[in-house]
Amino acid sequence: MKKMLSLLCALLLFSLSACGQGEVARGTFNEDSILEEGEASASLDGAEEDETMLQIQVTANGNDIVFALNDSQAAQDLYAQLPLRVEVEDYSTNEKIFYPPQELDVSDAPQAGGAVGTLAYYAPWGDIVMFYDDASPASGLYILGQAVSGSEYIAEMSGLIEIEQLQS
């Protein structure tokens, strides 16, 4: 439990420092600050301060992936556009992408690389990215959240996917 709280604190401090600096320098993303799949969901059980954490569910090919969103405006913008039914596309060898109906405000979102299970927004193209393999940091890539369950299904996604808000 102490380890989970320490990881949550580290993630919170990372987020707060990013907000205070306006923009995180490219390449400063620390994969150690990302919770391992399952740790975030385990830390949500009984933690009162996490009751307001937004979560979304992506359903594809009969499988569900749950993402815990960070508290950035970009993540809130995505959440407000749900539910969505969109076409998912392959991109490169490590990610699936889709396009939300409206742009997201990245003014306070931390820039990031793509660790497995990361949900991100690539502002130059306006697409949402779901990583199923690691990727290097990229300018314009902003983290929205992290998979807390089902990240093993991201690579298999195809066709229409459904994205909806999960109620706490």
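**A walk from the core to the surface**

Let's start with Ile 161: beyond its neighbours within four places in sequence, Ile 161 is in contact with Val 58, Thr 59, Ala 60, Leu 84, Arg 85, Val 86, Val 88, Phe 98 and Met 130. Keep in mind as you look around that this is a predicted model.

One of those contacts, Met 130, turns up again when you zoom out. Met 130 and Ile 161 are the residues with the most contacts inside the largest nonpolar core, a group of 28 residues. Quite a few elements chip in with two or more residues each: helix H3 does, and so do strands E1, E2, E3, E5, E6, E7 and E8. Which of them gives the largest share? That's H3, with four residues. As a general backdrop, nonpolar side chains in soluble globular proteins tend to be buried together.

So much for the big group; there is also a second, separate core, this one of five residues, including Ile 97, Ala 120, Val 129 and Phe 131.

Now back to H3, which runs over residues 73–80. Its buried residues are Ala 74, Ala 75, Asp 77, Leu 78 and Tyr 79. And what covers them? Among the cover are strands E1 (55–60), E2 (63–69), E5 (118–122), E6 (127–131), E7 (141–149) and E8 (159–166).

Finally, head for the outside. Tyr 91, Tyr 99 and Trp 125 make a nonpolar surface patch of about 320 Å². Tyr 91 sits in strand E3. Why is Tyr 91 called partly exposed? Because its relative accessibility is 36%, and partly exposed covers the range between under 20% for buried and over 50% for exposed.

Definitions and conventions
Residues numbered from 1 in each chain as written. Predicted model: local features only at pLDDT ≥ 70, side-chain atom pairs only at ≥ 80, totals over all residues. Heavy atoms only, no water. Buried < 20%, exposed > 50% of the residue type's maximum accessible area, 1.4 Å probe, protein only. Contact = heavy atoms within 4.5 Å. Core = buried A, V, L, I, M, F, W, Y, C linked by side-chain atoms within 4.5 Å. Patch = residues over 30% accessible without salt bridge, like charges linked within 9 Å, V, L, I, M, F, W, Y side chains within 5 Å. Areas by Shrake-Rupley, 256 points an atom, 1.4 Å probe, with all protein chains shown as cover. Salt bridge = Lys/Arg side-chain N within 4 Å of Asp/Glu carboxyl O.
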